[in-house]
Amino acid sequence: MTSESSESSDTPAEDLPLPRVLCDTAALAALDDASAGALWRLAEPGRQLDANVVRIPPGRGVDTHREPDLDVLLLVLAGHGTLTAPDGPHALPAGALTWLPHGSTRSLTAGPEGLTYLTVHRRRPGMRIQRGNPAVQQQ
């Protein structure tokens with residue numbers, strides 16, 4: 001597959017963004033003593049995405065919630081768990097790739113080995129104050 005470069009020929013090569021290896025998700029998922037919560041977060045400046053590697057300890061979970069604004073991809077890296085949605089429970093074995101559409105209601109429960117997963121979604125816009133407008137608005 002080929003593609004045309006959309007970068008201007010006036011942009012110096014040293015100013016172009018470069019692909020980067022960010023972390024070893026297999027090593028993160030293999031941590032036996034990993035605490036609950038985010039084990040890794042995408043934090044590169046100028047990004048358009050947010051991503052997290054999250055661990056839920058055995059038998060624990062994420063309570064039922066609804067994400068009104070963002071679609072989320074969830075990839076199970078290790079362990080297994082259950083996604084519960086209005087249409088019932090869905091098994092989440094290692095390797096399961098799940099789409100959580102915006103507006104959907106869901107909860108997660110880790111199995112006996114715990115559940116380690118990667119989430120990826122569009123970055124939420126930051127808050128900013130605009131001149132001449134006392135209200136705080138999203139970018």
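In this predicted model, Leu 115 touches residues from several stretches of the chain: Val 54, Arg 55, Ile 56, Val 76, Ala 78, His 80, Gly 81, Leu 92, Thr 109 and Ala 110, with residues up to four places away in sequence not counted. Leu 115 also belongs to the largest nonpolar core, which has 13 residues. Ile 56, Leu 74, Val 76, Leu 92, Leu 108, Leu 115 and Tyr 117 are the members with the most contacts inside that core. Strands E2, E4 and E7 each supply at least two of its residues. A second, separate core has six residues, including Trp 40, Leu 42, Ala 51 and Val 53. In soluble globular proteins, nonpolar side chains tend to be buried together.

These cores belong to a protein with one helix and nine strands. Read along the sequence, the helix comes at the start of the pattern and the strands follow, as α-β-β-β-β-β-β-β-β-β. Of the 139 residues, 28% count as buried. Among contacts between residues at least 6 apart in sequence, 63% join residues at least 24 apart.

A polar residue can be examined in the same way. Asn 52 lies in strand E2, residues 49-56. Asn 52 counts as buried because its relative accessible area is 15%, and buried means under 20%. Beyond its neighbours within four places in sequence, Asn 52 is in contact with Trp 40, Arg 41, Tyr 117, Leu 118 and Thr 119. Of these contacts, Trp 40 is a member of the second core, whereas Tyr 117 is a member of the largest one.

The next element to consider is strand E6, residues 97-100. Its covered face carries Thr 98 and Leu 100, and its uncovered face carries Leu 97 and Trp 99. In a regular strand the side chains alternate between the two faces of the sheet. Strand E6 pairs with strand E4, residues 72-85, in the antiparallel sense over four bridges. One of the bridge pairs joins Val 72 to Leu 100 of E6.

After E6 the chain enters the loop that leads to E7, and Pro 101 is placed in this loop. Pro 101 is partly exposed, as its relative accessible area is 26%. Leu 70 is 31 residues away from Pro 101 along the chain, yet their C-alpha atoms are separated by 7.1 Å. With neighbours within four places in sequence left aside, Pro 101 is in contact with Leu 70, Asp 71 and Arg 106.

Arg 106 leads on to the pockets. The largest pocket has a volume of about 240 Å³. Its lining comprises 14 residues, of which His 65, Val 72, Leu 100, Arg 106 and Thr 119 are the closest to its centre. The bridge partners Val 72 and Leu 100 are thus both found in that group. Strands E3 (61-66), E4 and E7 (105-122) are the elements that give two or more residues to the lining, and E7 gives the most, with five. By class, the lining has seven nonpolar, four polar and three charged residues.

The second largest pocket has a volume of about 200 Å³. It is lined by Pro 17, Leu 18, Arg 20, Leu 22, Leu 42, Glu 44, Pro 45, Arg 47, Gln 48 and Leu 49. These residues divide into six nonpolar, one polar and three charged. Leu 42 belongs to this lining and also to the second nonpolar core.

Note on methods. Residues are numbered from 1 along each chain as its sequence is written. This is a predicted model: local features need pLDDT of at least 70, side-chain atom pairs count only at pLDDT 80 or more; totals for chains, interfaces and linings use all residues. Side-chain values use heavy atoms; hydrogens and water are left out. Buried means under 20% relative accessible area, exposed over 50%, partly exposed in between (1.4 Å probe, protein chains only). Two strands pair if DSSP finds at least two bridges between them. On a 1 Å grid over the protein atoms alone, a cavity is a set of points where a 1.4 Å probe fits but cannot get out, and a pocket is an open set with protein on both sides within 12 Å along at least five of seven lines; lining residues have an atom within 4 Å of a point. Grid points are joined across faces, edges and corners, and a volume is the space filled by probe spheres set on the points. Ala, Val, Leu, Ile, Met, Phe, Trp, Tyr, Cys and Pro count as nonpolar, Asp, Glu, Lys and Arg as charged, and the others, Gly among them, as polar. Contact means heavy atoms within 4.5 Å. A nonpolar core is a set of buried Ala, Val, Leu, Ile, Met, Phe, Trp, Tyr and Cys residues joined through side-chain atoms within 4.5 Å.
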